[in-house]
Amino acid sequence: MSGYKHILVAADLIVADDNLVLKRVKDLKKQGNPKISIIHSVEYPSNYGESYEVPAFVEWQQELENSAKERMIKISKDLSIAKEDQHLRIGQAKYQILEVAEEVGADLIVVGSHARHGLGLLFLGSTANAVLHHAKCDVLAVRV
């Protein structure tokens with residue numbers, strides 16, 4: 001797995017999961033010093049109240065985004081990722097990851113996989129599975 005020029009790290013910002021993904025990215029970085037970008041997508045469980053700008057909902061959204069930004073900055077420092085290569089998006093992760101991969105010209109996406117099966121996969125969906133099947137570049141799914 002060497003020779004990659006631009007790796008997109010899909011971070012879910014859960015420390016235990018990200019640690020395994022970041023370890024793989026660090027190993028890949030040693031093999032050729034590729035450019036590294038990072039993506040995290042904040043997914044809101046519901047849009048209830050958003051159209052009415054309910055203050056509690058708006059504050060909660062802002063807290064989620066701020067928390068994600070703080071965690072992403074920590075990860076980015078650890079991997080020496082420039083600010084312009086840090087992508088915080090709003091929406092379903094699978095779509096945002098694929099979109100950013102296209103935008104930045106990534107030739108590898110590294111994503112954590114929870115290996116859900118059966119009804120868990122049906123109800124929860126699988127970001128890694130969707131990315132794997134729709135990406136136009138290589139995908140490394142790291143079991144977390």
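**A walk from helix α1 to the cores**

Let's start with one residue: Asp27 is partly exposed, with 31% of relative accessible area. Keep in mind as you look around that this is a predicted model. Which residue does Asp27 pair with in a salt bridge? The partner is Lys23, and the closest N and O atoms of the two lie 3.7 Å apart. You can find Lys23 in helix α1, which covers residues 15–30. Why are these two side chains well placed along the helix? Lys23 and Asp27 are 4 residues apart in helix α1, so about one helical turn separates them.

Is Lys23 buried or exposed? Lys23 counts as exposed because its relative accessibility is 52% and the cut-off for that word is over 50%. Lys23 also shows how a folded chain brings together places that are separated in sequence: Val142 is 119 residues away from Lys23 along the chain, yet the two C-alpha atoms are 9.9 Å apart in space.

The pair of Lys23 and Asp27 belongs to a longer list, as the structure holds 7 salt bridges. Another one joins Lys35 and Asp85, with 3.4 Å between the closest N and O atoms. This pair links distant parts of the chain: Lys35 sits in strand β2 and Asp85 in the loop between α2 and β3 (86–90), 50 residues apart. Look at how the two ends compare with the solvent-facing scale: Lys35 is partly exposed at 41% relative accessibility, whereas Asp85 is buried at 10%.

Next, turn to Arg89 and Glu103, whose side chains meet in a salt bridge at 2.6 Å, N to O. Arg89 lies in strand β3 and Glu103 in helix α3 (residues 93–104), so this pair ties together parts that are 14 residues apart in sequence. Arg89 is buried, with a relative accessible area of 18%, while Glu103 counts as partly exposed at 48%. Arg89 and Glu103 also belong, together with Glu99, to one network of salt bridges that share partners.

Arg89 leads us on to His40, a residue of strand β2 (residues 35–42). Is His40 buried or exposed? His40 counts as buried, because its relative accessibility is 11%, under the 20% cut-off. Beyond its neighbours within four places in sequence, His40 is in contact with Ala11, Asp12, Leu13, Ala68, Met72, His87, Leu88 and Arg89.

Now let's look inside. In soluble globular proteins, nonpolar side chains tend to be buried together. How many residues does the largest nonpolar core have here? It has 22, and those with the most contacts inside it are Ile7, Val9, Val25, Ile38, Ile75, Leu108 and Val110. Several elements contribute at least two residues each: β1 (6–10), α1, β2, α2 (55–79), β4 (108–113) and β5 (138–143). So helix α1, where we met Lys23, supplies residues to this core as well.

Val9 gives you a good view of the packing. Leaving aside neighbours within four places in sequence, Val9 is in contact with Val21, Leu22, Val25, Ile36, Ser37, Ile38, Ile39 and Val110. Apart from this core lies another one, made of 14 residues, including Ile97, Leu98, Ile109 and Ala128.

Conventions
Residues are numbered from 1 along each chain as its sequence is written. This is a predicted model: local features need pLDDT of at least 70, side-chain atom pairs count only at pLDDT 80 or more; totals for chains, interfaces and linings use all residues. Side-chain values use heavy atoms; hydrogens and water are left out. Buried means under 20% relative accessible area, exposed over 50%, partly exposed in between (1.4 Å probe, protein chains only). Contact means heavy atoms within 4.5 Å. A nonpolar core is a set of buried Ala, Val, Leu, Ile, Met, Phe, Trp, Tyr and Cys residues joined through side-chain atoms within 4.5 Å. A salt bridge is a side-chain nitrogen of Lys or Arg within 4 Å of a carboxyl oxygen of Asp or Glu.
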